[in-house]
Amino acid sequence: MFVPIERKKVSSQVLDQLKKMIKEKTFPPESRLPSEHELSKMFGVSRAPIREALSVLSASGLIESRQGGGSYVKRVNLVGMLDPMTFEMVEADQVLELIEMRIIIESQAASLAALRRTDEELIEIKESLEAFKKTIHSCEEIAHVENENSCLDWCGCAGFFCLHKGKVSNYTL
């Protein structure tokens with residue numbers, strides 16, 4: 001199970017093996033990793049490359065260090081992940097399941113939004129859509145908003161704007 005570490009790029013080899021062990025659930029989420037001393041014995045290396053590998057894992061959000069308590073494997077969630085290292089830990093099936101879930105939820109949300117909207121909300125949606133269309137063709141239009149964050153407040157929801165100017169509509173899920 002443990003492969004002896006060669007003397008070139010030792011910390012990278014340790015990092016790769018630890019990532020593999022986490023992915024294969026040798027160290028499952030919420031489990032405590034062996035101490036630096038134990039890891040150095042397992043891999044047959046000094047503690048310096050172990051510390052470096054643990055530091056990279058910690059910085060990437062795969063583990064967390066607790067003072068006096070060692071390092072623990074964090075649960076990796078698909079939502080909000082941007083770091084390539086954490087993407088390596090996600091199974092392809094999870095991505096497909098997330099896409100399927102979004103299709104179901106967002107389609108139903110759009111349907112309910114269409115059914116429950118008021119005439120005033122429909123006018124606001126149309127106005128928002130027209131304003132949004134202008135920004136597609138002209139970057140200058142983005143600056144002509146109430147505040148600097150307003151252009152970030154738009155959220156498409158299967159064709160309906162469910163979030164506008166920081167306010168979530170009451171007809172969404």
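**Salt bridges and helices in a predicted model**

Lys133 is partly exposed in this model, with a relative accessible area of 40%, and since the structure is a predicted one, this value, like those that follow, is computed from predicted atoms. The partner of Lys133 is Glu130, with which Lys133 forms a salt bridge whose closest N and O atoms are 3.5 Å apart. Both residues belong to helix 6, which spans residues 119–137, and because they are three residues apart in that helix, about one helical turn separates them. Glu130, at 45% relative accessibility, also counts as partly exposed, because partly exposed residues lie between the limits of 20% for buried and 50% for exposed. Elsewhere in the chain, salt bridges that share partners join Glu36, Arg47 and Arg51 into one network.

Within that network, Arg47 forms a salt bridge with Glu36, the closest N and O atoms lying 3.5 Å apart. This pair links distant parts of the chain, since Arg47 sits in helix 3 and Glu36 in helix 2, eleven residues apart. Arg47 has a relative accessibility of 39% and therefore counts as partly exposed, and Glu36, with a relative accessible area of 23%, is likewise partly exposed.

The structure holds seven salt bridges, and another of them is formed by Glu30 with Arg75, where the closest N and O atoms are 3.8 Å apart. Here too the pair links distant parts of the chain, with Glu30 in the loop between helix 1 (10–23) and helix 2 (36–43), and Arg75, 45 residues apart from it, in the loop between strand 2 (70–73) and helix 4 (84–87). Glu30 counts as partly exposed, at 47% relative accessibility.

Helix 3, which carries Arg47, runs over residues 47–59, and its 13 residues reach 18 Å from the first C-alpha to the last, close to the 18 Å expected at 1.5 Å a residue. Which residues of helix 3 are buried? They are Pro49, Ile50, Ala53, Leu54 and Leu57. Seen down the helix axis, the buried residues of helix 3 fall within an arc of 135 degrees, so they line one face of the helix. Just after helix 3, Gly61 takes a positive phi of about 85 degrees.

Helix 5 can be read in a similar way. Its 25 residues, 92–116, reach 36 Å from the first C-alpha to the last, close to the 36 Å expected at 1.5 Å a residue, and Ala109, Ala110, Leu112 and Ala113 are buried in this helix.

Methods: Residues are numbered from 1 along each chain as its sequence is written. This is a predicted model: local features need pLDDT of at least 70, side-chain atom pairs count only at pLDDT 80 or more; totals for chains, interfaces and linings use all residues. Side-chain values use heavy atoms; hydrogens and water are left out. Helices (H or I, at least four residues) and strands (E, at least two) are DSSP runs, numbered from the N terminus. The expected span of a helix is 1.5 Å times one less than its number of residues. Buried means under 20% relative accessible area, exposed over 50%, partly exposed in between (1.4 Å probe, protein chains only). The arc is that of the directions from the helix axis to the C-beta atoms. A salt bridge is a side-chain nitrogen of Lys or Arg within 4 Å of a carboxyl oxygen of Asp or Glu.
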